[in-house]
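Me: Please take me through one small part of this model in close detail, and then work outward from there to whatever surrounds it. I would like one connected account, with the cut-offs stated as you go.

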Amino acid sequence: MDGADVLRLVEAHLIRELGPDTGRAEITFLGAEPIEVLRFGSTTQGVVRYATLGMSIAPMGDPASSMIDPTGPRTELVLSLKDQRDSVARRLALLAAIPAVEGVPVVAGAGLDLGEPLWDGARFTAVLVAEPGGLIPDLPLADPTDPPATLPARTATQAPAPVRFLPVLPMTPNESAFKRVHGAAELQRRWLAAGTDLRDPTRPQLRLDLDDS
């Protein structure tokens with residue numbers, strides 16, 4: 001299965017899970033394949049979701065290895081907001097291009113810092129990559145007509161990894177700094193304890209002290 005086939009499956013999966021897209025933009029960066037950002041839902045429906053399409057065209061590689069494992073992990077990013085912020089498309093595509101441009105895998109628990117507002121006028125300049133599976137289920141790429149139990153051992157180990165859809169949670173510069181010191185789990189615990197609505201694009205910054213323990 002080539003990259004174009006994967007992206008067709010990913011797009012169909014997103015539409016199946018989130019409904020028809022309500023807009024899209026294509027962004028191209030030097031040294032990387034074009035990445036689309038699809039918008040789903042609307043403000044009147046309560047939640048707007050932005051999902052990348054293109055990050056999963058190739059598996060993410062181990063930066064310590066000179067070869068890319070064709071069965072390596074593939075991902076796309078998903079941002080959920082309570083209001084429309086279409087200027088996020090370029091920044092979200094920039095984050096999705098990190099594995100191709102910088103050779104660094106994007107994984108749950110990572111903090112990705114843009115150094116600029118996540119969308120025009122935003123107080124958020126970074127995102128926390130959350131665990132997948134809660135909103136959009138993984139997309140298997142293995143042929144469902146070949147049950148793993150019937151495959152020879154050497155073939156079963158070569159089955160492609162599923163495409164995983166990683167939620168990204170906006171962070172202010174102070175929240176991002178707190179995450180670097182105390183870790184993703186502690187920041188998420190603080191958000192939960194404060195009742196923080198991470199989908200609110202105008203939410204205030206969480207009160208944090210880098211020396212908090």
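Reply: Thr125, leaving aside its neighbours within four places in sequence, is in contact (heavy atoms within 4.5 Å) with Leu112, Asp113, Leu114, Gly115, Glu116, Pro117, Leu118, Met171, Thr172 and Pro173. The model is predicted, so local features need pLDDT of at least 70 and side-chain atom pairs count only at pLDDT 80 or more, while totals for chains, interfaces and linings use all residues. Residues are numbered from 1 along each chain as its sequence is written, and side-chain values use heavy atoms, with hydrogens and water left out.

Thr125 sits in the loop between β5 and β6, where helices (H or I, at least four residues) and strands (E, at least two) are DSSP runs numbered from the N terminus. Its relative accessibility is 15%, and Thr125 therefore counts as buried; buried means under 20% relative accessible area, exposed over 50% and partly exposed in between, with a 1.4 Å probe and protein chains only.

Going on into β6, the side chains take two directions: Ala126 and Leu128 point one way, Val127 and Val129 point the other way, and all of them are buried. In a regular strand the side chains alternate between the two faces of the sheet.

β6 has neighbours on both flanks, β5 and β7. Strand β5 (residues 111-113) is joined to β6 by three bridges, and the two run antiparallel; within this pairing Leu112 stands opposite Val127. Four bridges link β6 to β7, again in an antiparallel arrangement, and the bridge partner of Leu128 is Leu169 in β7. Two strands are taken to pair if DSSP finds at least two bridges between them.

These pairs belong to an open sheet of seven strands in the order β1-β2-β3-β4-β7-β6-β5, with mixed pairing. Because β1 (21-27) and β5 stand at the edges with a single partner strand each, one side of each is left without a neighbour in the sheet. Elsewhere in the sheet, β3 and β4 run antiparallel and are joined by four bridges, with Ala51 matched to Val78 in β4.

The packing of nonpolar side chains also involves β6. A nonpolar core is a set of buried Ala, Val, Leu, Ile, Met, Phe, Trp, Tyr and Cys residues joined through side-chain atoms within 4.5 Å, and in the largest one, which has 31 residues, Leu77 and Val106 touch the most other members. At least two residues of this core are supplied by each of β2 (35-41), β3 (48-53), β4 (74-81), α2 (88-96), β6 (126-129) and β7 (163-171), and the largest share, six residues, comes from α2. Not counting residues up to four places away in sequence, Val106 touches Met55, Met60, Thr75, Leu77, Leu95, Ile98, Pro99, Leu112, Val129 and Leu166. A second, separate core holds 15 residues, among them Val10, Leu14, Leu18 and Leu38.

For the wider setting, the protein chain has six helices and seven strands, following the pattern α-β-β-β-β-α-α-β-β-α-β-α-α along the sequence. Of its 213 residues, 44% count as buried. Among contacts between residues at least 6 apart in sequence, 62% join residues at least 24 apart.
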